[in-house]
Amino acid sequence: MNIFEYHLKEIHNLILIKKDFLKLDKIENLGKINLEVPPEQFNFDLSCNIAMVLGTSNKLAPKKLAEKIRELFLDQIKNFSNVEIAGPGFLNIKLSKSALIENINSILKNNENYGSNKTNDTYNIEFVSANPTGPMHVGHCRGAIYGDVLGNLLTFNGNKVIKEYYINDYGSQIKNFVESVYFRILEIKFKKPFPKKNNLYPGLYIKDIAVKILNENKSLNFEDFEKNFEYLKNKSLEASMQLIKKDLKLLGINHDNFFSESEIVNKDLVNKTVEVLKKKKYVEKGYLQPPKGEKDDNWKKVERLIFKSTLFGDDTDRALQKNDGSWTYFANDIAYHMDKVNRGYQNLVNVLGADHTGYIKRITAAVSAISEKKIKLNCKVCQLVKLFKDGKPFKMSKRAGDFISAQELLNEVDKDSIRFIMLNRSNDVEIDFDFDKVKEKTKDNPIFYVQYAYARINSLLRTLNTSFVEKIELDEIDFNLNEMEEKIIRKVFEWPKIIESATKKFDLHKIPFYLYELSTLFHAYWSRGNEDKRYKFIENEQIKRKEILAIINLVAIVIKNGMGILDVSLPKKM
RNA sequence: GCGCUCUUAGCUCAGCUGGAUAGAGCAUCGGUUUUCUAAACCGAGGGUCGGAGGUUCGAAUCCUCCAGAGCGCGCCA
């Protein structure tokens, strides 16, 4: 429990006991009462809106009520050493020295767990799931890193997390892909020109795969595509999954489970799933309306099995069968999600690219239907990564083959920088990724700033010839913080709140933003010694005050925990 | 036509379960180094929070409408 939670609970209890003293008729909206970090200029530790919340529901002037609550706080809560009323009725609170010391030591003791909000759920996070038709591109990297770090964050909070990759190794795209490999083989072996059909993948990596297959099997007669299809498919898929796994590894991402679409088909899971849904009357035979968007020449009015996703909030019902009666991608995907539900996770999360936004309603509907609304599928969308090269926008397309691959990016920029940059923005907004700019290894990169703060702390510890400190004997009488130290301590105290809010809505960008702010405070604290020698931390290889030792250890703990969640390295020396 | 996301300083973005004088970085201008790491720090200027209504004691934040940008809108995957 952090200081905000702890004291909020204390305040709740106090209000209930002292209801009459405060002349309150109604105690409602307790959930609206918050303990927050006050704006910096106020120089207080905590800020509470209680007088405004209770004032509204009891028709009392917030400021007058605040005055009474202030008395109560000072009288009854021993950790509060000063309380002042500000603005429309906020109560700004200073913590007592003993409370500060106690909290400092509790953080040092918690160490690598500091900030964790203990919950105990199970999560399945599906992410990347790039088609196995070639290497990953820059856009995939964003979702990959987001999913990976989301998993880390949930694990940090004590949950059990499975990171899963769904391999779409079935269907017409795969056929196009294998055909592309086939034509490249013909090109290499028989000098037949690669056809200019727009369903083929023109990327050069296809040639590499073709060469690999040729080298592995020199005797095979490749002249008949249909005859060799299964062999070519297996080899090609294997090759492209190898490419993808290699990219993932270079980005520092490890999935726990790779689940293949063809497994769904082979095990006939779709029929089983559809039978279940039929019994519940969520799947029925019927006709669909023509699509509302662009005209589709292939559209035919044929009776087929339909999932009634409108029952679960979708805009229209969805086809499970194609014209020829075979299953749609969606049908397979429902079966896959059925499997996930059956595996017993309490929470399902899908991380998707922006181009799959339109898919969310139907798959969420499907999970509701499968689980009788017991399991909610949470879909998070990562917006586009817009590439700029030579000052011009750079379009990515797997088919065109002119995308920038993860590999090319990794050749220029290290994995830590890519991870940090991809996360240093809300998933809801596009990222302008200036290829040339990111290539420059300059101080512009915020990751260096955080790493540098950590390196500076380690430099101090080296000078002091000490390592991490687990307990500091701070004497309440001597204990004194200057204004800068108070700011840092408050920032450190805020860490569990950051984790809490980042977890709540999966807002991962809050972590790098926070780490940057904390580093700013630390660099300022450090630099004071440059301006004025009295503020140097060390004298004759001894720390000047115990408070300094406490602060550098606290900052180190938080940076380490934060960067640990991001899985970005922290050099001790730079 | 419909759905999702976005619109905040010159640029890139935080802030959104309603609260205090709307914050950072970059860029611009001006300072700091015989050092515990200057890859750093300090200071200055810079705003009609896309527009219009509404709810409220109080709106960048919630609701409605409008405008602009992006992504989607198969029986592709």
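This text walks through the domains, the RNA-facing surface and the empty spaces of the structure.

The model is predicted, so local features need pLDDT of at least 70 and side-chain atom pairs count only at pLDDT 80 or more, while totals for chains, interfaces and linings use all residues. Residues are numbered from 1 along each chain as its sequence is written, chains are lettered from A and ligands numbered from 1 in the order in which they are written, and side-chain values use heavy atoms, with hydrogens and water left out.

Start with the domains. Chain A is assigned domain 1 (3-95), domain 2 (122-167 + 253-382), domain 3 (172-250) and domain 4 (444-566). These bounds come from an automatic or database domain assignment. The centres of domain 1 and domain 2, taken over C-alpha atoms, are 47 Å apart.

Now turn to RNA strand B. A residue counts as near the strand if one of its heavy atoms lies within 4 Å of it. There are 66 residues around RNA strand B, and Lys-300, Asn-323, Tyr-449, Tyr-452 and Ser-459 come nearest. On the RNA side, 63% of the strand's atoms within 4 Å of the protein belong to sugar or phosphate. The rest belong to bases.

Several elements build this surface. Helices (H or I, at least four residues) and strands (E, at least two) are DSSP runs, numbered from the N terminus. Helix H2 (50-58), strand S4 (90-95), helix H6 (172-190), helix H16 (446-463) and helix H18 (510-531) each supply at least two residues. H18 has the largest share, with nine residues. By class, the surface near RNA strand B has 27 nonpolar, 21 polar and 18 charged residues. Here Ala, Val, Leu, Ile, Met, Phe, Trp, Tyr, Cys and Pro count as nonpolar, Asp, Glu, Lys and Arg as charged, and the others, Gly among them, as polar.

Look next at polar contacts (pairs of N or O atoms within 3.5 Å; within protein, one must be able to donate a hydrogen and the other to accept it, and residues adjacent in sequence count only if both atoms are side-chain atoms). A side-chain N or O atom of Asn-92 is 3.2 Å from a base nitrogen of RNA strand B. Trp-526 uses a backbone N or O atom, 2.8 Å from a base nitrogen of the strand. For Arg-425, a polar side-chain atom lies 2.8 Å from a sugar or linking oxygen of RNA strand B.

Arg-425 also leads to the cavities. On a 1 Å grid over the protein atoms alone, a cavity is a set of points where a 1.4 Å probe fits but cannot get out; a pocket is an open set with protein on both sides within 12 Å along at least five of seven lines; lining residues have an atom within 4 Å of a point. Grid points are joined across faces, edges and corners, and a volume is the space filled by probe spheres set on the points. The whole structure holds four cavities of 30 Å³ or more. The largest has about 50 Å³ of space. Its lining includes Arg-425, Arg-142, Tyr-146 and His-509. Helix H5 (138-156) and helix H14 (415-423) each give at least two lining residues.

The second largest cavity has a volume of about 40 Å³. H7 gives the most to its lining, with four residues. That lining has three nonpolar, no polar and four charged residues.

Finish at the second largest pocket, with about 470 Å³ of space. Of its 23 lining residues, Met-1, Asn-2, Ile-3, Asn-103 and Ser-106 are the closest to its centre. H4 gives the most to this lining, with six residues.
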